[in-house]
Amino acid sequence: MNKSQETVGSFVDVGWGRLIFAHTFPDPHSVAEILLQEKLNRRDIAFYVNDPQLVLRVAPQDLFLDPSTTYRLDLKKWKRQGQIESHVRVTGVENKDDINEMNRIYSSNGMVPVDPETVWRDREEERFKYFVARPQDSEQIIGVSLGVDHMFCFDDMFNSSSLWALAVDPQTKYPGVGTELVSHLADSFAQRGRDFMDLSVLEESEAAVRLYEGLGFERVPVFTVKRRNHINEPLFIAQDVQEGFNPYATIIIDEALRRGISVEAIDPQRGYFRLGHGNRRITCRESLCELTSSISMCRCADKQLTAELFSEAGLTVPDQVAYSNDDKVAEFLEKHPRVVVKPAQGEQGIGVAVDLQNLEEVLAAIKTASFHADTVLLEQFVEGIDLRIVVINMEVVAAAVRKPAEILGTGRHTIQQLLEKVSRRRKAATGGESQIPIDDETLRCIRSEGFELEDVLPEGKHLQVRRTANLHTGGTIHDVTPQLSETLREAAVRAAMTLEIPVVGLDFLVPSVEGEQYYIIEANERPGLANHEPQPTAERFIDLLFPYTINDPN
């Protein structure tokens with residue numbers, strides 16, 4: 001702590017902004033003044049504000065009372081619950097790559113990333129420390145938390161500490177990550193002899209509130225004040241216009257509002273809205289807008305036509321044929337012992353069955369697919385990494401590996417219970433867009449591994465429960481844009497040019513995202529722009545629609 005802090009009050013820069021201990025400042029005016037010094041793209045928090053109304057009075061147009069609730073854990077009574085062995089271990093930050101992974105998790109949760117240099121430089125600080133959660137058998141980071149020891153920040157008469165910036169990878173399959181991070185901090189501070197650990201959480205974060213209350217935290221009357229900025233705008237501005245929209249529409253609406261573009265909600269349930277700026281009006285259905293022609297839409301909608309166009313353009317596609325009769329199916333299966341069956345029209349993996357290897361399975365899948373389209377396609381099964389590339393305005397904006405849904409055995413829960421647990425977590429993480437259906441395809445995958453729904457999956461056993469990696473059926477998405485090879489970038493742009501479409505999601509199967517080999521499976525004229533963090537998908541979409549707002553200060 002330097003002299004100026006001793007004179008004015010105590011604060012600590014934790015990487016995403018400053019944690020300001022408001023009760024150490026001499027008066028409300030000094031609390032307001034330090035908040036007004038907040039840096040661009042940072043988030044300062046004034047905690048333990050004794051007279052919030054007097055602080056707000058200094059700059060009511062710039063400051064606001066944070067609508068979070070403070071919870072306190074009595075560390076003198078703290079005791080870990082249960083003796084069940086965890087699948088997660090908690091460590092400190094070990095290298096700079098750990099910080100990049102922390103920021104990936106923060107970005108995927110819509111939270112402010114940390115400044116890597118600050119966190120790395122201060123990793124041995126006594127005042128604050130970041131902890132990361134990893135699986136017991138892996139170095140992968142699946143959660144992060146920050147602990148602040150108040151006794152090293154100022155002369156704290158309450159001998160307290162606090163927990164901040166808890167985040168769990170929304171795509172992790174491991175249970176109990178948040179519990180382990182919070183418990184680790186409670187253990188650490190209790191061993192240091194601290195009496196309390198406080199935290200701040202929004203009331204609508206129901207899962208987090210349940211976690212904290214389940215661990216013994218209790219509400220306390222503490223106020224927090226922040227400065228108004230674009231990061232915390234949802235906390236002080238009514239968000240009525242976004243209500244009812246799914247995450248794919250919301251990410252675009254938020255970017256439009258940030259730029260001063262008006263938004264008219266037309267049909268939230270179906271994803272329709274109208275954007276306006278000056279005399280320009282554009283109607284959208286999520287990422288599908290008026291700039292996409294009906295011809296382009298037809299080309300994408302018909303999977304057989306898409307494959308033919310790509311093949312004619314010199315792009316690599318799997319062998320494919322439309323179902324006509326059972327004899328032709330047998331011929332195709334003889335030529336390609338592993339096949340995919342899918343409706344010629346459709347999206348979100350509905351009616352798709354993958355890696356079928358006998359006639360009985362194929363005919364059953366054709367019957368199922370025929371409920372979703374008049375034409376059913378048989379396609380050569382290609383092994384590889386499921387890669388989605390988003391092209392906007394003939395430029396690659398994002399690339400992500402999509403992994404099929406899987407569950408991890410605990411030795412205590414049935415497969416059905418694990419499916420329900422993972423589905424709840426995926427649904428919460430994606431605004432209701434992702435969950436694992438218990439249908440014929442899921443049952444086929446489970447039975448192919450020798451299990452039934454009622455079986456208890458052995459501890460540590462990984463079980464893939466879908467063959468396709470669609471987000472809507474529980475798949476997860478992992479950004480690989482920086483690793484994408486130039487060959488794959490060029491193929492994606494050429495595919496978009498072939499379809500003459502301004503916004504498209506292209507599904508590839510590749511041996512490696514850094515290699516040159518590929519198959520293009522299909523194209524989506526309304527790709528989901530959410531879940532591609534940290535790539536600027538929504539920003540590039542609005543750039544396409546309203547290019548003159550790119551540098552608009554509004």
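**Two open sheets in a predicted model**

Biologist: In what order do the 4 strands of the open sheet with antiparallel pairing stand?

Modeller: The 4 strands form an open sheet, and their pairing is antiparallel. Strands are DSSP runs of E with at least two residues, helices are runs of H or I with at least four, and both are numbered from the N terminus. Two strands pair if DSSP finds at least two bridges between them. The order is β17-β20-β18-β19.

Biologist: Which are its edge strands?

Modeller: An edge strand here pairs on one side only. That holds for β17 (320-322) and β19 (353-356).

Biologist: What kind of model is this, and how are residues numbered?

Modeller: It is a predicted model, where local features need pLDDT of at least 70, side-chain atom pairs count only at pLDDT 80 or more, and totals for chains, interfaces and linings use all residues. Side-chain values use heavy atoms, with hydrogens and water left out, and residues are numbered from 1 along each chain as its sequence is written.

Biologist: Which residue of β20 is the bridge partner of Val321?

Modeller: Strand β17 is joined to β20 (residues 376-380) by 3 bridges. The two strands run antiparallel. In β20, Val321 has as its bridge partner Leu378.

Biologist: At what angle does helix α12 run to β20?

Modeller: Helix α12 covers residues 326-335 and lies across β17, β18, β19 and β20. Axes are lines fitted to C-alpha atoms, for helices over the stretch in contact (heavy atoms within 4.5 Å). Angles run from 0 to 180 degrees between N-to-C directions. For α12 and β20 the value is about 20 degrees.

Biologist: Which residue in β26 stands opposite Ile389?

Modeller: Another open sheet has 5 strands in the order β25-β22-β21-β26-β27. In this sheet, β21 (residues 385-392) and β26 (residues 503-510) run antiparallel, joined by 8 bridges. Opposite Ile389 stands Leu506.

Biologist: Which helix packs on that sheet, touching β21, β22, β26 and β27?

Modeller: The helix spans residues 486-499. Its direction makes about 135 degrees with that of β26. The helix is α16.

Biologist: What is the radius of gyration of the protein chain?

Modeller: The radius is taken over C-alpha atoms, and the globule rule is 2.2 Å times the number of residues to the power 0.38. For 554 residues, a compact globule would have a value near 24 Å, so the chain agrees with its 26 Å.

Biologist: What share of the 554 residues is buried?

Modeller: Buried means under 20% relative accessible area, with a 1.4 Å probe and protein chains only; exposed means over 50%, and partly exposed lies in between. In the protein chain, the buried share is 51%.
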